[in-house]
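Subject: Structure handover and notes

Dear colleague,

Here is the structure I promised to pass on to you. Please open it alongside this message, since the notes underneath are meant to be read with the sequence and the coordinates in view.

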Amino acid sequence: MVTNQSTIQNHQSVEYNCLADLNLYNSPECQSLATQASAGRHLRITSNYQDAAVEVYLCEDDYPGWVSLTNLDLLQPATLPYQARLWAESEIKKLLPEVISFTHKAMQQANYYLWGGTVGPNYDCSGLMQTAFVSVGIWLPRDAYQQEGFTQPIAMTELAPGDLVFFGTPQKATHVGLYLGDNHYIHSSGKTQGRNGIGIDVLSEMGDEVSRSYYQQLRGAGRVVKSYEPRGEAGGRAQGAGGKS
């Protein structure tokens, strides 16, 4: 178990398990949430540390963040290193009804939109997508733009339940939802243009104000045909409205 800053440098080659749900922040000040790690997840400590925090990256999706030194007692050395499972596209397709079911159950719980949220009941958009797929053992990258790049691009006319739908600017995906069929999708959206939580909207100019707002930002769709295989190093972090909104 890591107990204090003086031991950090001796533990950079060690892989850890989270003993409890853990908040990761986007800076060493540990004020703005970057993501969350559920109990049992694997992480590694980097050589980048400050007086009150150390930078880590999560092994399953290579996502970086800062952990307060006061939370290092929530880590213990992993008995076995994380090993990604390989999934066939046909196996993933069979599990999509369970992925969809997870999002419906999440919507039925009291929830609100939480930037960086992945452990529930409060999620951001890509956190809900990642956690829904993880519920059946399939890993996606963390942020919306990463998920867009990871999935197999498909035409909107090819959409099937379980596909991901992406929204944002011409330059970058900043929002993602899960297609349900019949032109509807489920997503966690924020206060400014969404529902401040999980809801179902329609891909149409004929929907309500929230549906129309997102439809005007529609970028395209992607199909999950594999599970993420980590590179074993910290990946890029979204900044600002870069991929969770």
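What follows is a set of notes on confidence, the nonpolar cores, helices 1 and 2, the strands around strand 11, and the cysteines.

Please keep in mind throughout that this is a predicted model. The protein chain has an average pLDDT of 93, and 90% of the residues score at least 70. Over residues 237-242, however, the pLDDT falls below 50, although this stretch still has 19 contacts in the model beyond its near neighbours in sequence. Where pLDDT is low, the predicted coordinates should not be read in detail.

**The nonpolar cores**

The largest nonpolar core contains 29 residues, and the members that touch the most others in it are Phe133, Ile138, Leu164 and Leu178. Two or more residues come from each of helix 1 (89-108), helix 2 (125-134), helix 3 (144-150), strand 9 (164-168) and strand 10 (173-181), and it is helix 1 that gives the most, with six residues. Apart from this core lies another one of 14 residues, which includes Leu43, Ile45, Val54 and Leu69.

Isoleucine 138 is worth selecting in your viewer: once residues up to four places away in sequence are set aside, isoleucine 138 touches Trp87, Ile92, Leu95, Gln130, Phe133, Val224, Lys226 and Ser227.

**Helix 1**

One of those partners, isoleucine 92, is found in helix 1 and counts as buried, with a relative accessibility of 0%. Leaving aside neighbours within four places in sequence, isoleucine 92 is in contact with Trp87, Ile138, Val224, Val225, Lys226 and Ser227. Proline 97 is also found in helix 1, but proline 97 counts as exposed, at 54% relative accessibility. From C-alpha to C-alpha, proline 97 is 8.0 Å in space from proline 161, with their positions 64 residues apart in sequence.

**Helix 2**

How many of the 10 residues of helix 2 are buried? Nine of them are, so this helix is largely enclosed by the rest of the structure. The buried residues are Cys125, Ser126, Gly127, Leu128, Met129, Gln130, Thr131, Ala132 and Phe133, and they pack against helix 1, helix 3, strand 9, strand 10, strand 11 and strand 12. The N-terminal end of helix 2 is capped by aspartate 124, which has a side-chain oxygen 3.4 Å from the backbone nitrogen of serine 126.

**Strands 10, 11 and 12**

Strand 11 (residues 184-189) is mostly covered, with five of its six residues buried, and pairs with both strand 10 and strand 12. Strand 10 runs antiparallel to strand 11 and is joined to it by three bridges, and in this pairing glycine 181 has histidine 184 of strand 11 as its bridge partner. The two strands form a hairpin with two residues between them, and in the turn aspartate 182 has a positive phi of about 55°. Strand 12 (residues 197-202) is likewise antiparallel to strand 11, to which six bridges join it; here the bridge partner of histidine 187 is glycine 199, in strand 12.

**A loop serine**

Serine 27 sits in the loop between strand 2 (22-25) and strand 3 (33-37), and at 18% relative accessibility it counts as buried. The side chains of serine 27 and glutamate 29 are joined by a polar contact of 2.8 Å.

**The cysteines**

Since you may be thinking about thiol chemistry, I looked for disulfides as well. A disulfide is a covalent bond between the sulfur atoms of two cysteines. With a cut-off of 2.5 Å between the sulfur atoms, the count comes to zero disulfides. Why do cysteine 18 and cysteine 59 not form a bond? The closest cysteine sulfur to that of cysteine 18 is the one in cysteine 59, and because the two are 9.2 Å apart they are too far for a bond. Taken from the other side, cysteine 59 likewise has cysteine 18 as its closest cysteine sulfur, at 9.2 Å. Cysteine 18 is buried, with a relative accessible area of 3%, and cysteine 59 also counts as buried, at 7% relative accessibility.

With best wishes

How values were computed:
Residues are numbered from 1 along each chain as its sequence is written. This is a predicted model: local features need pLDDT of at least 70, side-chain atom pairs count only at pLDDT 80 or more; totals for chains, interfaces and linings use all residues. Side-chain values use heavy atoms; hydrogens and water are left out. Buried means under 20% relative accessible area, exposed over 50%, partly exposed in between (1.4 Å probe, protein chains only). pLDDT is the predictor's confidence in each residue, from 0 to 100. Contact means heavy atoms within 4.5 Å. A nonpolar core is a set of buried Ala, Val, Leu, Ile, Met, Phe, Trp, Tyr and Cys residues joined through side-chain atoms within 4.5 Å. Helices (H or I, at least four residues) and strands (E, at least two) are DSSP runs, numbered from the N terminus. Two strands pair if DSSP finds at least two bridges between them. A polar contact is a pair of N or O atoms within 3.5 Å; within protein, one must be able to donate a hydrogen and the other to accept it, and residues adjacent in sequence count only if both atoms are side-chain atoms.
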